[in-house]
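Please open the structure in your viewer and keep the selection tool at hand. The tour goes from one stop to the next, with something to select at each.

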Amino acid sequence: MNQVPLTMKAWTKTLDERGGFTLEDHPIPKPVAGEVLIQTLSTSVCGTDLHIWKWDDWSRENVPLGTITGHETSGKVVALGDGVTSHSIGDLVAIECHLACWSCPRCDEGNAHICENGSIFGVHGNGAFAPFFVVPAVNARQIPEGLDPGHASIQDPLGNAIHTLTGGPIEGATVAIHGLGPIGLFAVNAAKAMGAKYVIAIDWDNQYRMNLAKGLGADLVLGKDDDVVQAILDATEGRGVDNSCEFSGSPTALANTVHSTRMGGYVNVLSVYGDSMPAVPMNEVVFRYLHVKGINGRKMWSTWDTMHELLSAGKIDVDRVLTHRMPIENFPEAMELALSGECGKIVLDH
Ligand SMILES: NC(=O)c1ccc[n+]([C@@H]2O[C@H](COP(=O)([O-])OP(=O)(O)OC[C@H]3O[C@@H](n4cnc5c(N)ncnc54)[C@H](O)[C@@H]3O)[C@@H](O)[C@H]2O)c1
Ligand SMILES: [Zn+2]
Ligand SMILES: [Zn+2]
């Protein structure tokens with residue numbers, strides 16, 4: 001740990017109010033057995049970070065004051081805890097933020113992303129809006145050689161998109177993406193990269209993102225001025241799409257997925273719904289024999305393997321989704337820009 005300093009300044013949630021982040025001094029964390037110390041290269045801004053910035057009810061209950069947040073990140077391994085043989089000093093890695101116990105029934109069956117004893121890096125404990133952080137070595141995933149660290153840092157949302165898509169057919173399939181936030185935009189691009197036959201991208205009124213979706217390969221883009229269900233039926237010979245993915249968090253969009261997915265088709269829902277309990281047309285789900293699935297996180301590690309392949313082959317147009325890049329010093333500005341919606345993904349470089 002020769003070149004690693006003893007202390008660092010990190011963006012820390014210190015005040016019980018909207019915003020409420022200050023640059024604070026912290027000791028550089030020490031990796032315990034099984035952990036690695038990472039020097040941060042890039043950290044991207046996630047919707048979860050915006051909830052914390054807004055300091056809503058969920059954040060107040062889940063994020064202790066004093067936490068360094070930030071969980072979508074990439075960096076360089078600079079120290080190894082006892083027993084770590086999977087990594088070497090200098091390895092470039094990206095982080096899976098779901099910290100699992102690896103010994104509960106969910107972990108045993110291959111569903112570590114819903115570990116019964118799990119927690120989230122950068123939410124429940126210190127994260128990566130900081131120059132250094134520690135994680136279990138298993139959560140530090142080697143990145144494709146030569147990949148830009150900024151591109152490596154967005155694998156959390158790209159992985160969300162791919163995990164959602166893989167809840168249904170993709171290759172040769174018709175796919176509808178509802179909600180064109182950063183995750184929906186990655187889903188449009190990944191669906192095309194994974195061989196979807198026809199991709200329909202739907203937002204409400206965010207023209208900026210609807211234009212991005214066109215550039216990312218969407219075959220049809222719809223918004224609030226369209227009859228979304230009818231337009232999807234018209235584009236699919238009246239059947240509906242094979243695979244509908246919901247990334248908007250809007251109850252209207254959720255109902256639209258049910259009405260515009262083909263008989264026996266797949267509805268995959270990553271969204272988290274805010275205040276209102278969405279009404280789901282259950283009889284349609286039943287009579288149309290739909291497979292409705294909730295999606296959480298990324299499969300550990302098949303989603304990561306898929307991303308590794310796609311990113312190595314240059315099949316994801318990360319640059320088009322990554323609309324803004326700025327130094328970590330501009331953290332407050334990045335949060336306000338992300339809240340405005342006039343952006344795709346924002347990456348902060350260290
Ligand atoms: N389950 C998980 O593991 C997980 C992880 C990350 C994010 N999420 C959730 O995934 C969702 C997507 O995240 P994000 O950061 O990309 O979202 P975002 O909030 O940035 O984007 C949502 C988009 O949906 C659009 N929209 C609003 N109403 C719509 C409607 N009726 N039809 C179509 N589009 C509509 C908005 O204009 C916006 O562009 C969020 O709900 C988020 O909370 C879940
Ligand atoms: Zn995230
Ligand atoms: Zn577990």
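The stops below are a metal site, a helix and a single side chain, and the model they belong to is a predicted one.

Begin by selecting the zinc ion (ligand 2), whose protein donors are Cys-46 through SG, His-71 through NE2 and Glu-72 through OE, lying 2.2 to 2.4 Å from the ion. If you follow these donors along the chain, you will find that their spacing is C-x24-H-E. Are His-71 and Glu-72 buried or exposed? His-71 is buried because its relative accessible area is 3%, where buried means under 20%, and Glu-72, with a relative accessible area of 1%, is buried as well.

Next, select helix H13, residues 331-340, and colour its buried residues, which are Phe-331, Ala-334, Met-335, Leu-337 and Ala-338. These residues cover an arc of only 165 degrees around the axis, so they lie on the same side of H13. To see what covers them, add strand S1 (7-13), strand S2 (21-27), helix H1 (47-54), strand S16 (322-327) and strand S17 (345-349), which are among the elements that do so. Before leaving this helix, step to Gly-341 just after H13, where the residue takes a positive phi of about 80 degrees.

Finally, select Lys-54, which has its place in helix H1 and counts as partly exposed, at 42% relative accessibility. Which residues does Lys-54 touch, not counting those up to four places away in sequence? They are Arg-18 and Leu-339. For a last distance, pick the C-alpha atoms of Lys-54 and Ile-68, which are 16 Å apart in space and belong to residues 14 apart in sequence.

Definitions and conventions: Residues numbered from 1 in each chain as written. Chains lettered and ligands numbered in written order. Predicted model: local features only at pLDDT ≥ 70, side-chain atom pairs only at ≥ 80, totals over all residues. Heavy atoms only, no water. Donors = N, O, S within 2.8 Å, 3.2 Å for Na, K, Ca; no water. Buried < 20%, exposed > 50% of the residue type's maximum accessible area, 1.4 Å probe, protein only. Helix = DSSP H or I, 4+ residues; strand = E, 2+ residues; numbered from the N terminus. Arc of directions from axis to C-beta. Contact = heavy atoms within 4.5 Å.
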